Amino acid sequence: MVGMELTAELFLTLSMVCFCVGSKVSVLSSWHMDLFIGAVQQTEDSNPGLEPLAVVRSLRRTASYEDFFVRHFLGEINSTDEEVLSSVLKKYYHHHLEELGLDAAPRLISVLRRENFRELVNASLLQTQVMASLDVYWRLRGETEVVQEVAVEKMVHEGVQEFIHRYIDCPVIIPRCQWRARPYRGTPTRLALPLSSMFIHHTHHPKPCHTFQQCAAYMRAMQSFHQDVRGWDDIGYSFVAGSDGYLYEGRGWQWRGAHTRGHNSRGYGVAFVGNYTATLPAQRSLEQVRGRLASCGVSGGRLVGNFTMYGHRQLVDTTCPGDALYAEIKGWQHFREIPSKQ
Ligand SMILES: [Zn+2]
């Protein structure tokens, strides 16, 4: 399932790249598939044996797609470093995070696709392009007036807002089925949304996980521990942040967790995998929670706009989330001190 989602998102990203680099809508309108296939055929016929990526590079001359992003993504037109497509895909999908983790990773890898996509697109551009695409679609069907209708614009606007929330505001959150969670035991308690707080934790054990396989295995182990040893209904946290670039769904947005004793009904518990007493998670992992998860919660109506962020130790007698991580979150926009009791 992960592979399918990644493939779908790469396709979507590449489609948007094509949208964004085409500076005029008229370019899109004339970019008919038959013409495209004809151009590919012509290039292949005049250069027998050319690798697919080399064909794409060659086509760029005709299309005048030569801005910085395209050069970065597809390489120089005259480059002698001709890679086969499988090699390009492996670099994109199978990049192994080294000891330095996400912060030292190249920008164009699969786990950073949401960040890259966010830089490429915005709501007004998307609205314009969807309307232009509908215009082309209806003209091909001979229905030239439909695109003028206000109701269609309103519908597209709502769809774009939902898309922006899901794919731009929100980070990638690996759902329970993907990390193979056990079912909840008993009857979960629905939260009364929006909530007013987010509580930051670290898991203390084990070491940070740098691959989906490691992080998913740890999620399963943690759920077993919470259910079988602690006797809880489910994994305690609302969300868990790995060092692999992903967030993992625990109890999620709708259900009350078991993470911050006495406060579980009023806030989400978010834990970073690892011990952050002396070191910090990667900056990109921190940003997933500080920026993306928070923004996703607010725009989705799960968190109030002026929500407060606390470290676990402010509310319960514990060292969690570790000295280093606690010092870090004290500088975050939504962090609040709790007035000391007299
Ligand atoms: Zn904690």
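**A walk through the sheet and its neighbours**

Let's start with one pair of residues: isoleucine 200 has its bridge partner in β6, and that partner is glycine 311. Keep in mind as you look around that this is a predicted model. The pair belongs to a longer match, in which strand β2 (residues 195-202) and β6 run parallel and share five bridges. As a bit of background, strands in a sheet pair through backbone hydrogen bonds, and they can do so in a parallel or an antiparallel way.

Now step back to take in the whole chain. Its secondary structure adds up to 12 helices and six strands. Of the 342 residues, 25% are buried. Contacts also reach across the sequence: if you take those between residues at least 6 apart, 71% of them join residues at least 24 apart.

The six strands come together in an open sheet, and if you read across it the order is β1-β4-β3-β5-β2-β6, with mixed pairing. At the edges are β1 (173-174) and β6 (303-311), and each has a single partner strand, so one side of each has no neighbour in the sheet.

Follow the sheet from β2 to β5. These two strands are parallel and are joined by six bridges. One residue to look for here is methionine 198, whose bridge partner in β5 is tyrosine 268. Next to β5 you also find strand β3 (residues 239-241), again running parallel to it, with three bridges between the two. Here alanine 241 has phenylalanine 272 of β5 as its bridge partner.

How many residues of strand β5 (residues 267-272) are buried? Six of the six are, so the strand is largely enclosed by the rest of the structure. In a regular strand, side chains alternate between the two faces of the sheet. You can see two sets in β5: Gly267, Gly269 and Ala271 point one way, while Tyr268, Val270 and Phe272 point the other way, and all of them are buried.

Let's stay with valine 270 for a moment. Setting aside neighbours within four places in sequence, its contacts include Met198 and Ile200, two residues you have already met. Valine 270 is also in contact with His201, Tyr237, Ser238, Phe239, Ala241, Val289 and Leu293. Valine 270 is one of the residues with the most contacts inside the largest nonpolar core, which has 37 residues. Met198, Cys215, Met219, Phe239, Val240 and Tyr248 are on that list too. As for which elements give two or more residues to this core, they are the strands β2, β3, β4 (247-249), β5 and β6, along with α10, α11 (283-299) and α12.

One of those helices, α10 (212-229), is worth a closer look. It has 18 residues and spans 25 Å from its first C-alpha to its last, close to the 26 Å expected at 1.5 Å a residue. Its buried residues are Cys215, Ala216, Tyr218, Met219, Met222 and Gln223. Look down the helix axis and you'll find these buried residues within an arc of 160°, so they line one face of α10. The elements that cover them include β3 and β4. Turned away from that buried side is a face with the exposed residues Gln213, Ala221, Ser224, Asp228 and Val229. After α10 comes glycine 231, with a positive phi near 80°.

The loops have some backbone details of their own. Between β1 and β2 you'll come across proline 194, which is joined to leucine 193 by a cis peptide bond with omega of about 0°. Arginine 180 is found in the loop between β1 and β2 as well. Its phi is positive, near 60°, even though it is a residue other than glycine. Is arginine 180 buried or exposed? It has 11 other C-beta atoms within 10 Å, so it is exposed.

Further along, in the loop between β2 and α10, sits histidine 204. Histidine 204 also has a positive phi, near 75°, in a residue other than glycine. With 16 C-beta neighbours inside 10 Å, histidine 204 counts as partly exposed.

Our last stop is the loop between β6 and α12 (323-329), where proline 321 lies. A cis peptide bond joins cysteine 320 to this proline, and its omega is about 10°.

Definitions and conventions: Residues numbered from 1 in each chain as written. Predicted model: local features only at pLDDT ≥ 70, side-chain atom pairs only at ≥ 80, totals over all residues. Pairing = 2+ DSSP bridges. Helix = DSSP H or I, 4+ residues; strand = E, 2+ residues; numbered from the N terminus. Buried ≥ 20, exposed ≤ 12 C-beta atoms within 10 Å, placed from the backbone. Core = buried A, V, L, I, M, F, W, Y, C linked by C-beta atoms within 7 Å. Contact = placed C-beta atoms within 7 Å. Expected span 1.5 Å × (residues − 1). Arc of directions from axis to C-beta.
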